[in-house]
Every structure is written in structure tokens, then in C-alpha cells.
Amino acid sequence: MPESGGGADLYAGWVDPGGVGAQTAGAGPTRRRRGAHMLLGGGLLVGYVALAALGPWLAPYGANEQDLLGVLAPASAEHWLGTDQIGRDLLSRIVVGARFTLTAALVSVILAASVGATVGLVAGYFGGRIDGGLMAVADLLLTVPNLILAIAIASVIGAGMTGLIVATTTSFVAPVARLIRGRVLEVRQEDFVQAARAVGVRDARILARHVLPHATTTLVIETSLLAGQAVLIGSALGFLGLGVRPPAPEWGTMLSGGREFIEVAPHLVVAPGVAISLLVFAFNVFGDGLRDRLDPRRHA
Amino acid sequence: MVPGDEATLMAGATASQADIDLLRARLGLDRPLVEQYTTRLAGLARGNFGYSSTFRGNPLPHVLARLPATMLLMATAILATVLLGLPAGVLAAVAHNRWPDYLLSFLVVGLLAVPNFWLGLMLIVVLSVERGWLPSFGFSGLASLVMPTIALAARLVALVARMTRGVMLEELAKDYVRTAHAKGLDTAAVVARHVLRNALIPTVTVIGLQTGYLLGGSVVVERLFAWPGIGDLMINAIGARDHTLVQAITILFVVGFLLVNLAVDVLYVLINPRLRHA
């Protein structure tokens, strides 16, 4: 299996010795167990989406509602996860915060997949100078480590949701473009593409109707695996003070706020981390399951 | 490109327009963009990264002074990865489909989902707030290396263990293993003498592919533990809007990234003799 939730794996998905090894030795989990994994990951994701959509109505308190008499209080009957340094209910903040993390991650991967796939399709199909130019840009982006690139971009755009999404998207475009280009190069020489070209079908239509369908599986799998990474990058940027601005209850930002009170109120840094980890876990498990189900090369 | 005029920011709130203009001229910010850019590139080639407001001059010597701390952290993380990930993967493969194997799969999935800075925070809560065994920030001797190293290495340990397990299983099914058994070697000897060498290659692959993670992760982990390396400096520089410094550190990270990738390629050939004639 490749580095599914990889913080920075450049070539995720196309260098995969471990997966192949595990498979030939018959070590891969059975298809039924994989189904269960997908169900578990999918179920968790549905839960997170529900939280993101209904957060403010589900939360027992307002995300920025203060209880100044109960500052830094540990878990209790009124505040199930305790309160933070200015008396805000931690549980409510986590529930409401789901929308930031989830929106940023999903928007980033969808943008990265669209841009990356377009670049990959065009580069792979037309080849020549277009390919050379586009891939030179992609390689240039790939020389900057993923998170460093995101940090640099976020520092230029400034903290906030836009910076976060642009930073995460940019660091994903190049790997997706390279991956899709590889698929296109495989398909381009096939008879059906040559045939379509011979009867005079326009390039745009060939790309959309004949080439893209052969790359969608790869794209869907890659996207679902990148989503976990997007959550990790987003929360890391939040932790560094470059993500969603406080007082918005973004989980990474909450962890960096809790760091200052770790001596007196360690409960502040537990729950947001659990929320992040469980979401990354859900994306990873779902993505792995999806790959095993969709990728014909992996059914040994 | 970057919003916020550097000269206005540096001159301070009380500066007059004339002062700002003077500063802008001295920094060369009044020159055409193309000229600014070429001057800058020429400076870079000579090791001059420009004017950093934090250090009031070329930031390079100050950044280089902090580099050893970052390199130390990365070195211990790689060491921990090899010392923990490799044996764990070998053990899981030898105990295929028994409890050590299942335990490892469970740990790998868990470690890949946990953000490194949160793992670090949890370590601080348990090992320094509750137990008081380890210092929670800064650099003060070997003890302060433990938690940052674990936080940074956890993900790599998981990846190397999983990769090693997969490759070991593949290798263990090959003919040369049966031959080695047939000539009377026990499992330990077969693994140590014959299989391990082949299983080392993917470890190097993983570390090579994850160099980017190691560099990016070091920024976050250094920030968390107030580690006196260049990652912590980078975040300080962003806070101070010292773009020259941010840029210098980014360039340094890219150079480091390329150098490690080169080192990995060389290491490949050393470990795998088959590549020497390719």
C-alpha cells in the first residue's frame, strides 16, 4: 500500500512496491473485509458530514458563547468535554468546527483533482512542447516539499480559509497531474483513440469521451486518498497560525491555543486531536477500500 | 506579489512619507520589478539572500547557525525509523497472520491518521505534565530530543514497518529462502543473512519518498517543542512579515530536499548491487 495519508508523498499511487509485495504473497485482506473497511470509513464520513451540516443546531452551546465563571473547567455534566481558557464549551466548538476542516479538505482535493486532471490530460495527450512545459512546471512544484509549499503560500496570502484552500490545492496539483498524465500516455496509443482521431473527432471530445473515462478510476482513488492528507495539512496550518483565524473553532487552531494551557488544562488538547485523527482515519480507510474495489490490477 | 509594503512596515507607524520613500530607495524597492528580480538572483548566486528585517541584513549566516538543530532532529527521526520500523516489519512478516502481525497493522493505521503535532501534544501531556520525566520545550540535552523525535518519526516508522512487512512476505516465499532452509539454516539465520538485505531497499525508498514529509513535519514539530531549528525560525519570520527570511529558509529546504533525494539514489546503488550494471 502506498502512503495513503502521506503528509508529503510526492509520487503517491505510482510507486508501490509494498502493495504489490503484500498482494503476491496473498497477504492482502479478503475482499469482504475490505468491504467492511469501506463501510466503516464511509459511515464515519457520513457522521462528519452531518456534523458539518448541522453543527450549530446540534451543539449544546454556541461556539463562541462564554461561561466566564467556568474557565478551563474539566469535563462535567454541563460541559461534557470541559471549557477552554475563556469559558467556551469544548464539545460545541468541536461540533461546529467540523465544517471548517471538512470544507477546506473537500474543496482543496476537488480543485486539485480538476486542475491536476486537466493539466495531466492535456500534457499526456498532446505531448511535445506542451507536455514538456507543463511537466517542467509540475516538477518545479515537486521540488518544494508539500507542507513547506503550503506554508509559503499561506504566508503570502495570509491566514484564512482562502489561503488554506489555495495552499493545500497547490501542493496537490503536481502529483495529480503527473499521475493522470501517466494514465493518458498508456491510453493514447490504443486503437480506439486512433480510430476516433481517424474519423475526425475533435481533440476535446476525444479527451472527454475516450481518454478521461480510463483515468477516472485512478483519479477517484487518488482524490479520496489525498483527502486525508488535506485534513492533516489544513490542521497543521491551523496549528501554525496560518489556517482559519481564531475565534473560529478550527481544530488545528484550537490545539495551538490549548498548547499554552497544557500545564493547567491538558483536556483542551485531547478532543480536537481525536476529531482530526478520526477524520483522517475515515478518509484513509475509505480510500484504501475504494482502491481495492476499483483498481483491477489489485485483484490478484 | 506579497501584500503589505515592506518599507512602510519597517519604517513603523510614526514614520513620515519622506522617511518611507528614503527607506524604499535604500532597499531598492523603487527600481523596476525586472531589475529587482535580476539583482536578487545575482545576489542569491553569491549567497546574499537580501535584507531580513529580523537580522538587519543577510539572513544566511543566522539561518545556517540554526541548521544543525534541524538536522539533528531529522537524523534522530531517521535513526528511530530504521531502528523501530524495520524490526517491526520483519517481526510482523515472520509472525504472519498471528497477533504481532495484527497488532502492527492496527498501529500502522492509527499512526498514519494521527497528526504529528497532536501526537507531540499527547506526549507532552503524559510524559512531561503528568510524569515530569521529559522537558516539554526547548533544547537542553538528550532528554529533550526524545519527544520531538517520536512525534516526527511516528509516521515514517509506520510506513517503513508496513512496507518492510510486505516485501519480507514476498521474499520469504521465494526459492532462495527454501534453499537456505534446505541446507539447514534456521529462520533467524535465513532472515538475517539472506532476506533482510533485500528488505532494506524499500526502507530506503520510503525514507526517500517521505523526505518531503520529514522537512515539512519538522517545521510543525519544531514549532510545537520550541525547537531552535530553521522550521521554528520560519514561522517566527512569517509572524514578523520578514519575507526575505521566509524565502531564504524555503530555498534552504528545497536544497536539502534535492540533496537527500540524491543521497537516496546513491544509497540505492550501494545497497542493491543489481543496480550497478543497469
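Visitor: How many helices and how many strands are there in chain B?

Guide: Helices and strands are DSSP runs numbered from the N terminus: H or I over at least four residues for a helix, E over at least two for a strand. Chain B has twelve helices and zero strands. Walk along its sequence and the pattern reads α-α-α-α-α-α-α-α-α-α-α-α. Two things to keep in mind: this is a predicted model, where local features need pLDDT of at least 70, side-chain atom pairs count only at pLDDT 80 or more, and totals for chains, interfaces and linings use all residues. Residues are numbered from 1 along each chain as its sequence is written, while chains are lettered from A and ligands numbered from 1 in the order in which they are written.

Visitor: Is chain B more spread out than a compact globule, or less?

Guide: Look at the radius of gyration, taken over C-alpha atoms, and set it beside the globule rule, 2.2 Å times the number of residues to the power 0.38. Chain B comes out at 24 Å, well over the 19 Å that the rule gives for 278 residues, so the chain is more spread out than a compact globule. Its C-alpha atoms fill a box of roughly 90 × 55 × 30 Å along the principal axes.

Visitor: And what share of the residues in chain B is buried?

Guide: Count the other C-beta atoms, placed from the backbone, within 10 Å of a residue's own: 20 or more is buried, 12 or fewer is exposed, and in between is partly exposed. In chain B, buried residues make up 39% of the 278. For chain A, 51% of the 300 residues count as buried.

Visitor: What does chain A look like in helices and strands?

Guide: Chain A has ten helices and zero strands, so to speak a plain run of α-α-α-α-α-α-α-α-α-α along the sequence.

Visitor: What part of the contacts joins residues at least 24 apart in chain A?

Guide: A contact here is two C-beta atoms, placed from the backbone, within 7 Å. Among contacts in chain A between residues at least 6 apart in sequence, 70% join residues at least 24 apart. In chain B, residues 24 or more positions apart account for 70% of the contacts with a separation of 6 or more.

Visitor: At what angle do α8(A) and α10(A) pack?

Guide: Fit lines to the C-alpha atoms over the stretch in contact and take the angle, from 0 to 180 degrees, between N-to-C directions. Helix α8 (residues 203–239) and helix α10 (residues 271–294) of chain A pack at about 170°, with axes 9 Å apart. Under 35 degrees is roughly parallel, over 145 roughly antiparallel, 65 to 115 roughly perpendicular, and the rest oblique. α8(A) and α10(A) are therefore roughly antiparallel. By class, their contact has 13 nonpolar, six polar and one charged residues. Ala, Val, Leu, Ile, Met, Phe, Trp, Tyr, Cys and Pro count as nonpolar, Asp, Glu, Lys and Arg as charged, and the others, Gly among them, as polar.

Visitor: Where do α7(B) and α9(B) come together, and how do they cross?

Guide: The axes of α7 (residues 143–172) and α9 (residues 187–209) of chain B come within 9 Å and cross at roughly 145°. Residues making the contact include Leu156(B) and Met163(B) of α7(B), and Val195(B) and Pro202(B) of α9(B). The contact residues divide into twelve nonpolar, three polar and one charged.

Visitor: Which residue other than glycine has a phi near 55°?

Guide: Most residues other than glycine have a negative phi. Arg241(B) has a positive one, near 55°. Arg241(B) is in the loop between α11 (230–239) and α12 (243–271) of chain B, and is partly exposed, with 17 other C-beta atoms within 10 Å. Arg56(B) also has a positive phi, of about 50°. Arg56(B) sits in the loop between α3 (33–45) and α4 of chain B, and with 9 C-beta neighbours inside 10 Å it counts as exposed.

Visitor: Is Leu90(A) buried or exposed?

Guide: Leu90(A) is buried, with 25 other C-beta atoms within 10 Å. Leu90(A) lies in helix α3 (residues 90–126) of chain A. Leaving out residues up to four places away in sequence, Leu90(A) touches residues including His79(A), Leu81(A) and Leu268(A). Leu90(A) and Ala248(A) are 158 residues apart in sequence and 12 Å apart in space, C-alpha to C-alpha.
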